[in-house]
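Let's look at how a few structural labels are earned. Each question asks for the reason behind a label, and each answer checks a value against its cut-off.

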Amino acid sequence: MSTDLLFQYLTWTLFLLVFAAALVDAVRFPLGANVDIALLFGAPSLAIMINLAVAGGLVAPGPLPDAANTSLMLALSHFLLRLVNDFSSVPLVVMRLSEAGLLLLVAGSFWLPPPRPLWYTLLSVTYFVGHQLYATAAFARESRRSAGVTRRRMEAAAGGSVLLGLAFLAAAIDGCMGLGKWWTMGFFEVPYLASAVFYLLGFAPPAWLRHSWQAPELRRFLGRVAVLPRLPSLDAVLRELESGVAASLGVADAGIGLWDEGDRRLRFTDAGKPYEVPLEGTTAGQSFLAQKPAFSPGPPRGDSAQFEWCGAGGVEAVLAAPITIGEKRLGVLTAYVRRAPIFARDDMSLLQLLADQAAVVLESHTLIAESARLRAREQATQMKEDFLSAAAHELKTPLTAILAQSQLLERRARHNPGEPVDLEWVERLVNEARRMAGVVDELLDVSRAERGELVGARERVDLVEVAREVCGRERQERGRCRLEANGEVVGDFDRIRITQLLEELIDNAIKYSPGGGEVVVKVWQQDGEARLDVVDHGIGIPREDLPHVFGRFYRGTNVDDRRFAGMGLGLHVSRGIVEEHHGRIWVSSTPGQGSVFHVALPAGIQLMGD
Amino acid sequence: MGDGRILVVDDNPSILSVVSDALVLEGYGVETAANGAEALCAVERALPSLVVLDMRMPILNGWQFLAELRARHLDVPVLVMTAACDARCWAEEVEADGFLSKPFELDELLSAVGRLRGAPTGQRA
C-alpha cells in the first residue's frame, strides 16, 4: 500500500471512530451539543462512505458523488459553527449567513458541472477555512475559561479545526496550481491526519487520557482543602470547599447542600442566607436520591428565589454530585455554569471526584469537632473532681479538730466527772466549728456569684479604713502585710463583701509566697475610681493561666497540690464581688517573681440628694 | 529509743493543739512543730520515739521531711496523718509505719500511737 493510501485510510478510520463515539453519546444523552457533535462527524463519515462505495464499485464515479463529497465537507464546517454556538453565542447574523452560504454552495456544487469555475472553488474554500478559523478561535477562548479535562478537549478541538482548515486550503491551492507530491504530503495529508487525531482527542478521548487530565485539578483541590478539617466553624469549611470546587471546575459558582435527616431537606447557604431544596423536581435532589452525578440544562428548578438569582447571573445549567462517605449520605455538591457544557460527562466525573473529597473533609471536620467536645467535657469533669477533692480536704481540716476536741471533752467528762471544763478546749471547738461554717459559706458563695447575689446592702465605706483593718489582722496572724495609702477613698460598697475581697486577695498573696517576702496593699483614688493593688513577691502565675485565674475551680498549673491546699474558688468569688459593684479586677504577674492583683471600683457616693 | 517523747507535726494550729492535748492526757510526752523545717530542728535536738506527721505543709512538707530523715539515717517510726483521700497510698509511698485518715476518731489515734510506740511511760493526766 502506498503512503498516500495509508494516510487516507488512517484518517478515515479516525473520523469514523469519532463519529461512532459521538453517535453513541447522542443516543444516550440527547442534548443539543451531543446531537451537533454527531452531525459534525456524521458529515465527513458519510463522505467517507461515499468514497468507499465508489472505490468498491458500488456507486459509479461521476459528478454526483463528487458534488455530495463537496457538500458534506462544507456541511462539516457549518455544523462546527453550530457546535460553537452551543457553548459560546455566535451572532444571529453570522449563523444566518452561514446557513444561506451553505445552501448556495451546495446548490452550486450539484448544478455546476466539473471542473468547477475558479470563483466557486475560491468561495467554498473561503467558506470552509473561514468557519474553521472562527471555530478555532472560539475553542481556544473557551479552553482558557475551562479547567481539567474540558480545557484539554477544547484545546484539542481548536487544534483539530485549524489543521483541518489548513489541510483543505492546501488541497485547494494544490488543485489550482498542481504543486506536486511533497506539497500534498506535507500540507494536506499530514495535517489532515493530524486534525483527525486532534478531533479524536477532543471529541472521543480514551478514559485513561481523561484521568490523566483530571489529575492535576484534583491534586490542586486536595492541596487547597487539606487544612479545612481543622477550621473551627463548619460554615467556613463549606465556603472554602465551594470556592475550591468553583475554581477547579472553572464554573461561576458552586454550592454544598447538607442533608438534614430530621426535616428530610437539603440545606444550602447563599451569601449567608440559608435556603432549602426539596428532593423532588430538582437536579440536586435527583442526584442525592440516585446517588449519582446529575446534570440538567437550564436554570435550577424548584426554588423560585434561586431561579431568580440564577437567571440574573445567567446560569444556564446545573451539575450535581452526591457527597457520600461510605454508607453515610452527607449532602450534595452543585455547580452552576453559565454556558451549557458541551462535555458534560467529564465535568460531572470531575465534580463527583471533588464531591468525594468534600465528603472526607466534612467527615474529618465532624470527627475533630466531636473529639474536641469530648476533650472539653473530660476537662470539665476533671475540674469538678479536682474541686470536690479539694473541697473535701478543706472541710476535713476543721472537722478533724472538731471531732478530736469533742471526743477529748467527752473522755475528760467520763473519767473525771467532777473536774471543771477546760475553757480553752471549748473555745477551740467553737472556733473550729465556725471555721467549717466559713468553708461551707465559701462554697455557697460560688452559687451566689452565679446568680449575681453576692452583694447586699451598700453604705458609705472608706476603702483605706477597711484595708488598714484587714492588713492589721493579717500582720498579727501571719506576720506580714504593709499598707500604702493616704487619706480616704470612699465609695458605695457592701462593707462585708469588700472586707472579704481584701482578705481573699491578701490571704492569697501570703499563701502563694511561701518563702516570705513582702505583701503590699496600695489604695488610692484615680479618675473617679477607687483603686486597689495587692502586690506579692511569690511564685507568680504562668502566662497560660492568666486568662483563667478568675474561673471556677481553677488552680494554677504551677501550684503543687502537695504544698498549697485550696478549692480554686476564692478569686472567682472575688471577681463576682467586684463586678457586682460595677468594677473591674485584673492581674499582672511574672512567674517566679510575683503578682499584682488590681481592682478598680466606682468611687464617690451615689446617694440621692448628696 | 530516745527520750520517749512523741513529735507531732501539723501546719494547722488547732489540730496540733488537740492532738498533743490528747496524747498528753494519755500520759505521753509531746513535742510540737508547725512545719517540716521546725520538725527537723526538733529531731536534731532529740530523737523522738514516734513522729505523727501531716503531709501538706508549707516551707518543708511531709515528703521532704521524711527524705531528710532517711538521708540522715535517722530511724524513727512515722505515723502519717492526712486529709487526702488516698491516705494509705501516700503512707505506702513514703514507707510509713502507719496512717491516720483525717478526720479520725480519738480511739484510732490512741491505738495507732500505742501500737507504734508502746504504752505511755508518764502519768495519766
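Q: What makes the side chain of A:S77 a polar-contact partner of A:L74?
A: A polar atom of the A:S77 side chain lies 2.8 Å from the backbone oxygen of A:L74. A polar contact is a pair of N or O atoms within 3.5 Å, where within protein one must be able to donate a hydrogen and the other to accept it, and residues adjacent in sequence count only if both atoms are side-chain atoms. This is a predicted model, where local features need pLDDT of at least 70, side-chain atom pairs count only at pLDDT 80 or more, and totals for chains, interfaces and linings use all residues. Side-chain values use heavy atoms, without hydrogens and water, residues are numbered from 1 along each chain as its sequence is written, and chains are lettered from A and ligands numbered from 1 in the order in which they are written.

Q: Why is A:S77 called buried?
A: Its relative accessible area is 0%. Buried means under 20%, exposed over 50% and partly exposed in between (1.4 Å probe, protein chains only), so A:S77 counts as buried. Leaving aside neighbours within four places in sequence, A:S77 is in contact (heavy atoms within 4.5 Å) with A:Y127, A:F128, A:H131 and A:Q132.

Q: How do you know that the length of helix α4 of chain A agrees with its number of residues?
A: The expected span is 1.5 Å times one less than the number of residues. For the 20 residues of α4(A), that gives 28 Å, and the end C-alpha atoms are 28 Å apart, so the two agree.

Q: Which residues of α4(A) are buried, and what puts them on the same side?
A: They are A:M95, A:S98, A:G101, A:L102, A:L105, A:G108 and A:S109. They cover an arc of only 155° around the axis, so they share one side of α4(A). The face turned away carries exposed residues, including A:L92 and A:W111.

Q: Why is the pair A:F15 and A:F41 called tilted?
A: Rings of Phe, Tyr and Trp (its six-membered ring) pair if their centres lie within 6.5 Å; planes under 30 degrees apart count as stacked, over 60 as edge-to-face and the rest as tilted. Here the centres are 6.2 Å apart and the planes at 40°, so the pair is tilted.

Q: Why is the pair A:F168 and A:Y192 called edge-to-face?
A: The centres are 5.7 Å apart and the planes at 85°, so this pair is edge-to-face.

Q: Why does A:F168 count as partly exposed, and A:Y192 as buried?
A: A:F168 has 22% relative accessibility, so it is partly exposed. A:Y192 has 11%, so that residue is buried.

Key:
Helices (H or I, at least four residues) and strands (E, at least two) are DSSP runs, numbered from the N terminus. The arc is that of the directions from the helix axis to the C-beta atoms.
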